[in-house]
Amino acid sequence: MTTSHLTMEQLLAVRDGDRSEPAYADAHQHVGECDGCRLELDRLHQRTARLRALPRMTPARNQFPAVRTRVVAERRQRRLRAVGIGGLAIAASLALVVMGRDLVQPNRLDAEQQIATAKSESQQLEQKLHDWDPQSRVLNSRAAVMVMEIEDRIADLDVRLAQTQESDRQLVLWQQRVGLMNTLVEVHLTRASNVGF
Ligand SMILES: [Zn+2]
């Protein structure tokens, strides 16, 4: 019987119906008896649903081959490191390079202002993650996989941003990027609170 509240790893095991380890089996029982952890599990389900609701990005491989190569190399490096936030910083600098070149004059001032707002939000979240230095912390394997998945999607978004001229489309992409950044912050926060950081 688990006496303390569940870790992110145990919550994810419950979400996935994973009972392959005694700690996971205990976690299933704990959720049945603890309102707090059941609430935490509900929030996790909601976050998962939000992630799945995001359109899967599938950039065309023939366009922007240099960008694509860089993103792939970056992912490989990230997987080798197991997890970290360094790749995100690369993705961010990539986005800045891209924005400098490809941000066309939007037809409407409205769109331009909203893009600027989304960009600034995205940068603030990036800074927040940077200040926390999540790389210095050890993520459990499931949280690490979540972080990698989110970072991959952010990298995909950056590729899409590089290919998009239309301001309305850019706005949607930037807003999705802010959503992903928020989820990323939330994963780090949840995981941190669950292990008592
Ligand atoms: Zn509990």
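Q: Helices (H or I, at least four residues) and strands (E, at least two) are DSSP runs, numbered from the N terminus. Which residue with a positive phi follows α1?
A: This is a predicted model, where local features need pLDDT of at least 70, side-chain atom pairs need 80 or more, and totals for chains, interfaces and linings use all residues. Residues are numbered from 1 along each chain as its sequence is written. After α1 comes a residue with phi near 65°. That residue is glycine 17.

Q: How many helices does the chain have?
A: The chain has zero strands. Along the sequence, the pattern reads α-α-α-α-α-α-α-α. The helix count is eight.

Q: What percentage of the 197 residues is buried?
A: A residue is buried if 20 or more other C-beta atoms lie within 10 Å of its own, exposed if 12 or fewer, and partly exposed in between, with C-beta atoms placed from the backbone. In this chain, the buried share is 29%.
The chain has 197 residues, and the share of them that is buried is 29%.

Q: How many of the eight residues of α1 are buried?
A: Met8, Glu9, Gln10, Leu11, Leu12, Ala13 and Val14 of α1 are buried. The helix is therefore largely enclosed by the rest of the structure. Out of eight, the buried residues number seven.

Q: How far does α2 reach from its first C-alpha to its last?
A: Helix α2 covers residues 22–33, twelve residues in total. The expected span is 1.5 Å times one less than the number of residues. For α2 that gives 16 Å, and the model comes close to it, at 17 Å.

Q: Within what arc do the buried residues of α2 fall?
A: Ala27, His30 and Val31 are the buried residues here. Look down the axis: they line one face of the helix, because their arc (taken from the directions from the helix axis to the C-beta atoms) is limited. Turned away from that side are the exposed residues Pro22, Gln29, Gly32 and Glu33. The arc is 100°.

Q: At roughly what angle do the axes of α1 and α2 cross?
A: Axes are lines fitted to C-alpha atoms, for helices over the stretch in contact, and angles run from 0 to 180 degrees between N-to-C directions. Angles under 35 degrees count as roughly parallel, over 145 as roughly antiparallel, 65 to 115 as roughly perpendicular and the rest as oblique. The two helices are therefore roughly perpendicular. Their axes come within 9 Å and cross at roughly 80°.

Q: Which residues of α2 make the contact with α1?
A: Two residues are in contact if their C-beta atoms, placed from the backbone, lie within 7 Å. From α1, the contact uses Gln10, Ala13 and Val14. From α2, it uses Ala23, Tyr24, Ala27, His28 and Val31.

Q: Which residues does aspartate 18 contact beyond its neighbours within four places in sequence?
A: Aspartate 18 lies in the loop between α1 and α2. It has 16 C-beta neighbours inside 10 Å, so it counts as partly exposed. Its C-alpha is 8.9 Å from that of histidine 28, ten residues apart along the chain. Its contacts are Ala13 and Tyr24.

Q: Is cysteine 37 buried or exposed?
A: Cysteine 37 sits in helix α3, residues 35–53. Beyond four places in sequence, it touches His5, Leu6, His30 and Val31. Its C-alpha lies 8.0 Å from that of leucine 11, 26 residues apart along the chain. With 21 other C-beta atoms within 10 Å, cysteine 37 is buried.
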